[in-house]
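Morning, everyone. Please have a look at the model on the screen, and then I will go through it.

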Amino acid sequence: MSRLLEEFQQYLKKIQQYEYAVNLLFWDVQTKTPKLGQPANVDALTYFSTEEFALSTSEEMGRMLDALSEPKEYENLDDMWQFIVGRMKRDYDRNRRIPAEVYETFVRAKAESGNAWVDAKKAGDFSIFAPHLKKMIEMRREIAGYTDPGKEVYDALLNEFEEGMDSATIDRLFEELKQGLIPLVRQILEKPQPDDAAFRVYTDADSQKKAEKMLLEYIGFRMDAGALGETEHPFTTGFSSRDVRIANNYHEREPLSAIFSAIHEGGHGIFDQNVNPDYDQTVAGSCCHMGIHESQSRFYENILGRSKNFWMPIYDKLGEYLPQFREIPLDDFYREINHVRNSFVRIEADEVTYCLHIILRYEMEQAIFRGHVPVEELPALWNKKMEEYLQITPENDSEGILQDIHWSDGSFGYFPTYLLGSIYDGMYLEAIEQELGSVDEILAAGEIFKITKWLNENIHWYGSTRTPKEVIEAVCGKEVSAEPLLRYFKKKYTEIYSLS
Ligand code: ZN
């Protein structure tokens, strides 16, 4: 190993220590820190992340990355180190092009915008948030001009969350889905809906936690490399493949919510636990492509978790922890977990209408960045699209345009990754059935571990090292298409709702 590489690795080790502290503080503040202790935690968190940022953007870092990128050094690196150096150099160069004062203004504007969003949502008053949203849009445009000169702004934003994905491809995929889903949803909503009262009974958090642990272990989340906690909004954070933490929320009257959040986060967690351990704590590790990551959580949550056969081997066990399910036949349970509703809120949506919630947001972002629609006109545009896609109109902006946090911190281009994840899932499902046989049969036999192993070997192992398009090409052998997902929806819901 060259002296330069050794020096670089030592330097990365130092950054990793800061990153570890940041992760730990973040986990702690989200799950355990008492209210009065929060400010001290946030101080420490800010300190360590500022130090980490300074180390990763330092002159010294730049010098090492430049030297390692010289052909005579670079050619001697193995594949993993070539990836790490290439990726870090790219990010370093992009970040260095942002003038420090612009970045500082952005950080401050983000904090103010976040506060304004909370107030606006509480008051149901878009006008409180509007000037901040305008600022975030302007600043994202400006920053994209530095990081991705010459690139169309919205494409640059999409790329931050799903590398190599462009709006031409997303347009094609989403349009295909929209054409198929709008009539399907209309047909479903004309049918009688099941009574869900039996599912909203009081369930204490401890019982929900026990059910969660059983489910996580069942799908393949390893508890010797995992920890569980309680929080407001469920999330997963991976320190390395050996330490992955899942936090969940337990609503006393909505036990199904915690169950499906657990399966969803479990999918993220299984991904993080099964990345090649050589990549631990480097940019090659925990997958940075949000669509690919989301494809794993949503595969477990929806494709597997919302099928009847998933529950066959474990439904009795679920009834041991949550006794109300002993009274409910599996068929009724299956019916309820696939209950399609036209509701206002994305995060409460079923797997079918969820797609339309995302398409709406994608089209709004297009209207903002391509159509230059003024901020003041956005709420009306939102409501018009809700009416068109789900035949409902929000009563106020809190259950309309103000419901999500994403735009308040400038994360434009993030929403589409959720739906890309589901589109990839339709394709994986086909690939798995071709290689392993019927997923329904595998699940009914209680052999979900076979599917988890397939995902481990074909997707998880590679971490961040393949772009989304490369993953799909390698796993499915074809270009990304929404057709398999649409086929899955049509087949499943025609049966459930007896559609003609
Ligand atoms: Zn997720």
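I will talk about the metal site first and a pocket after that.

This is a predicted model, where local features need pLDDT of at least 70, side-chain atom pairs count only at pLDDT 80 or more, and totals for chains, interfaces and linings use all residues. Residues are numbered from 1 along each chain as its sequence is written, and side-chain values use heavy atoms, with hydrogens and water left out.

What coordinates the zinc ion? His 264 and His 268 each do so through NE2, and Glu 294 gives two OE entries, at 2.1 to 2.6 Å. Donors here are N, O and S atoms within 2.8 Å of the metal (3.2 Å for Na, K and Ca); water is not among the atoms, so sites may look incomplete. Along the chain, the donors follow the spacing H-x3-H-x25-E.

How far apart are the two histidines in helix α11? His 264 and His 268 are 4 residues apart in α11, residues 255-273, so about one helical turn separates them. Helices are DSSP runs of H or I, at least four residues, numbered from the N terminus.

Are they buried or exposed? His 264 is buried at 12% relative accessibility, and His 268 is buried at 10%. Buried means under 20% relative accessible area, exposed over 50%, and partly exposed in between, with a 1.4 Å probe and protein chains only.

Now for contrast, Lys 122, which lies in helix α6, residues 100-123. Lys 122 is exposed, with a relative accessible area of 69%. Its C-alpha atom is 7.2 Å from that of Ser 398, 276 residues apart along the chain.
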